Amino acid sequence: MIFAEFYGPASLFADVLSSMEERIAAALHARPTDVVVRRVEAESDYPGAEIWVELSSEEQLARHGREIAEQLTALLRARKVDDDVWVLFRIVPLERVFLNGEPRRRGSA
């Protein structure tokens, strides 16, 4: 699973959710169903949008980070978002990931 968090207007999130999942999946050579994007409500007067994408390694960031950032920014700009679009990354190594208490490794079921 690939997780991402969206901070921004609910109406924009509803408009771009499936496209964000598709673009993240395409960049990481994954299935769109393996990408989960959630909207996080935050009290703020900041007009821009912020998207945090979790990756499992610095290598993924180096290989795919720019493409993901460009794709997500272009998507929001196409929806007439004129404010800042921040795409940020969080590295969560697989040895720190557990599913139902069991460690997860690349390629494990």
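**Exercise 1. Which residue in strand 2 does Ile2 stand opposite?**

Some ground rules before the solution. Numbering starts from 1 along each chain as its sequence is written. This is a predicted model, where local features need pLDDT of at least 70, side-chain atom pairs count only at pLDDT 80 or more, and totals for chains, interfaces and linings use all residues; side-chain values use heavy atoms, with hydrogens and water left out.

*Solution.*
- Step 1: get the strands. Helices (H or I, at least four residues) and strands (E, at least two) are DSSP runs, numbered from the N terminus.
- Step 2: look across from Ile2, and you land on Val35 in strand 2.
- Step 3: move along the ladder, where Ala4 has Val37 as its bridge partner in strand 2.
- Step 4: check the pairing as a whole. Two strands pair if DSSP finds at least two bridges between them. Strand 1 (residues 2-7) and strand 2 (residues 35-39) run parallel and are joined by five bridges.
- Step 5: follow the connection. Between strand 1 and strand 2 the chain passes through helix 1 (residues 10-27), giving a right-handed β-α-β crossover. Right-handed here means that, with the strands pointing away from the viewer, the path from the first strand over the helix to the second runs clockwise.

**Exercise 2. Work out the order of the four strands in the open sheet, and find its edges.**

*Solution.*
- Step 1: take the other neighbour of strand 1. Strand 3 (residues 49-55) pairs with strand 1 in the antiparallel sense, over four bridges.
- Step 2: pick out residue pairs. Glu5 has Trp52 of strand 3 as its bridge partner, and Tyr7 sits opposite Glu50 in strand 3.
- Step 3: write the order, which is 2-1-3-4 with mixed pairing.
- Step 4: find the edges. Strand 2 and strand 4 (85-91) each have a single partner strand, so one side of each has no neighbour in the sheet.
- Step 5: add the twist. Ignoring direction, neighbouring strands of this sheet are turned by 20° against each other on average.

**Exercise 3. Sort the side chains of strand 1 by face, then place the helices.**

*Solution.*
- Step 1: recall the pattern. In a regular strand, side chains alternate between the two faces of the sheet.
- Step 2: apply a burial cut-off: buried is under 20% relative accessible area, exposed is over 50%, and partly exposed is in between (1.4 Å probe, protein chains only).
- Step 3: sort. Ile2, Ala4 and Phe6 point to one face and are buried, whereas Phe3, Glu5 and Tyr7 point to the other and are not.
- Step 4: place helix 1, which lies across strand 1, strand 2 and strand 3 and runs at about 160° to strand 2. Axes are lines fitted to C-alpha atoms (for helices over the stretch in contact), and angles run from 0 to 180 degrees between N-to-C directions.
- Step 5: place helix 2 (residues 58-78), lying across strand 1, strand 3 and strand 4 at about 155° to strand 4.

**Exercise 4. Compare the surroundings of Ser19 and Leu61.**

*Solution.*
- Step 1: Ser19 lies in helix 1. Its relative accessible area is 16%, so Ser19 is buried.
- Step 2: contact means heavy atoms within 4.5 Å. Apart from neighbours within four places in sequence, Ser19 is in contact with Leu75 and Arg79.
- Step 3: Leu61 belongs to helix 2 and is partly exposed, at 26% relative accessibility.
- Step 4: not counting residues up to four places away in sequence, Leu61 touches Leu55, Arg66, Phe89 and Ile91. Leu61 and Phe89 are 28 residues apart along the chain, with their C-alpha atoms separated by 7.6 Å.

**Exercise 5. Put the whole chain together.**

*Solution.*
- Step 1: count elements: two helices and six strands, running β-α-β-β-α-β-β-β from the N terminus.
- Step 2: size it up. Along its principal axes the C-alpha trace spans about 40 × 30 × 25 Å.
- Step 3: check burial, where 30% of the 109 residues count as buried.
- Step 4: check contact range. Of the contacts with a separation of 6 or more, 74% come from residues 24 or more positions apart.
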